[in-house]
Amino acid sequence: MSELIDERIRRNAAELKLPALAEHLDELVARAEEAQMGYRELVDLVLEEEVGALEGRRYASRLKLSGLPHRKTFDEFELAFQPELDPKRVAELRSLRFLERHACVLLLGPPGVGKTHIGVALAMEALAAGYFCRYVTLDELIRDLRRADQLGSLRNRLAHYCRPQLLIVDELGYLPLENADANRFFQLVNRRYGHGSMLITSNKSIAEWAPLFGDEALAAAILDRLLHKAEVLTINGPSWRLRGRLDQLKGGGTEQESA
């Protein structure tokens, strides 16, 4: 009889889309018996398990759709390696209050100092908090918007990039934009202004951005929207990648000398 009841519970749980109950029935019953739970406590336990499983699936979906290039976190970032980076300002970013204010974050500094790492780590924490995020390099974004414009679907593509609460645009500053591309980027910034946050990484200081957009008036309009209520962090420190490479070279030299 017990086996028939278990089978019926699992079947009904699957029909009602309660996977945690269907998959962990024996474990849940054992926990309830061990704790001598009452009926309400058992129902509460089952519902808590289902909510946890549902949020796990939602998080996995948000993570998959984010397009993040890797899944590095702040646990893997050595703040001591960048002594000019104020831990209090990093902690403020990690509070995610900038998302509540629809403010932007600008991470500036030379290549290799950890701008992308910080951006991805913030996105990982935002995803865990229930926010939708999207990562794209500036080159990928510009090519995507240009292609959409040629196909007559620019409005829809701009709407696509306006959906996530946090849009990360990586690697601004390596190449200047043509006027039409800069205009499409402005349209995106303008649409998101006041409605969603952008996190932009750049190897150029803000004073050097105007030539990137080819037109001072357009650059001023873009910066006006990005800088309003923005958090700006400039990292002028050593390169993580160069440190790793130097360590490898030192290791190789030691091996040769010992040989």
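Two strands count as a pair when DSSP finds at least two bridges between them. With that in hand, we can start our walk through this predicted model at its sheet. The sheet is open and has 5 strands, in the order β2-β3-β4-β1-β5, with parallel pairing. At its edges are β2, residues 133–137, and β5, residues 231–234, each of which pairs on one side only. On average, neighbouring strands of this sheet are turned by 10° against each other, with direction ignored. As background, strands of a sheet pair through backbone hydrogen bonds, and the pairing can be parallel or antiparallel.

Let us look at strand β4 and its partners. Strand β4 covers residues 197–202 and pairs with β1, residues 105–108, in the parallel sense over 4 bridges. If you would like to find this pairing in the structure, look for L106, which stands opposite I200 in β4. Another place to look is L108, which stands opposite S202 in β4. Strand β4 also pairs with β3, again in the parallel sense, over 5 bridges. Here I168 stands opposite L199 of β4.

Which way do the side chains of β4 point? In a regular strand, side chains alternate between the two faces of the sheet. In β4, S197, L199 and T201 point one way, while M198, I200 and S202 point the other way, and all are buried. A residue counts as buried when its relative accessible area is under 20%. Since 6 of the 6 residues of β4 are buried, this strand is largely enclosed by the rest of the structure.

Next comes a helix that meets the sheet. Helix α7, residues 115–128, lies across β1, β2, β3 and β4, and runs at about 160° to β4. One residue to pick out in helix α7 is L127. With a relative accessible area of 0%, L127 is buried. What is L127 in contact with, leaving aside its neighbours within four places in sequence? The list is Y59, R62, L63, S66, L68 and C133. Take Y59 from that list: Y59 and L127 are 68 residues apart along the chain, yet their C-alpha atoms are separated by 6.7 Å.

Now move on to helix α10, where D181 is found. The relative accessibility of D181 is 3%, so this residue counts as buried. Apart from its neighbours within four places in sequence, D181 is in contact with I142 and R146.

Helix α10 also brings us to the aromatic rings. A pair of aromatic rings is described by the distance of the centres and the angle of the planes. How many aromatic pairs does a search of the whole structure find? There are 2. F185 and F213 form a stacked pair, with 5.9 Å from centre to centre and 10° between the planes. F185 lies in helix α10, residues 179–192, and F213 lies in helix α11, residues 210–213, so this pair ties together parts that are 28 residues apart in sequence. W209 and F213 form an edge-to-face pair, at 6.5 Å centre to centre with 65° between the planes. Ring pairs therefore link F185, W209 and F213 into a cluster, and W209 counts as buried because its relative accessibility is 0%. F185 is likewise buried, with 0% relative accessibility, and F213 is buried with a relative accessible area of 1%.

Finally, let us step back and view the whole protein. Its secondary structure comes to 13 helices and 5 strands. The radius of gyration is 25 Å, well over the 18 Å that the globule rule gives for 259 residues, so the protein is more spread out than a compact globule. Along the principal axes, the C-alpha atoms fill a box of roughly 75 × 65 × 35 Å. Of the 259 residues, 37% count as buried. The protein exposes about 15300 Å², and carbon and sulfur atoms supply 52% of that area. What share of the contacts with a separation of 6 or more comes from residues 24 or more positions apart? Such residues account for 81% of those contacts.

Note on methods:
Residues are numbered from 1 along each chain as its sequence is written. This is a predicted model: local features need pLDDT of at least 70, side-chain atom pairs count only at pLDDT 80 or more; totals for chains, interfaces and linings use all residues. Side-chain values use heavy atoms; hydrogens and water are left out. Helices (H or I, at least four residues) and strands (E, at least two) are DSSP runs, numbered from the N terminus. Axes are lines fitted to C-alpha atoms, for helices over the stretch in contact, and angles run from 0 to 180 degrees between N-to-C directions. Contact means heavy atoms within 4.5 Å. The radius of gyration is taken over C-alpha atoms; the globule rule is 2.2 Å times the number of residues to the power 0.38. Buried means under 20% relative accessible area, exposed over 50%, partly exposed in between (1.4 Å probe, protein chains only). Accessible areas come from the Shrake-Rupley method with a 1.4 Å probe; for residues, only the protein chains shown count as cover. Rings of Phe, Tyr and Trp (its six-membered ring) pair if their centres lie within 6.5 Å; planes under 30 degrees apart count as stacked, over 60 as edge-to-face and the rest as tilted.
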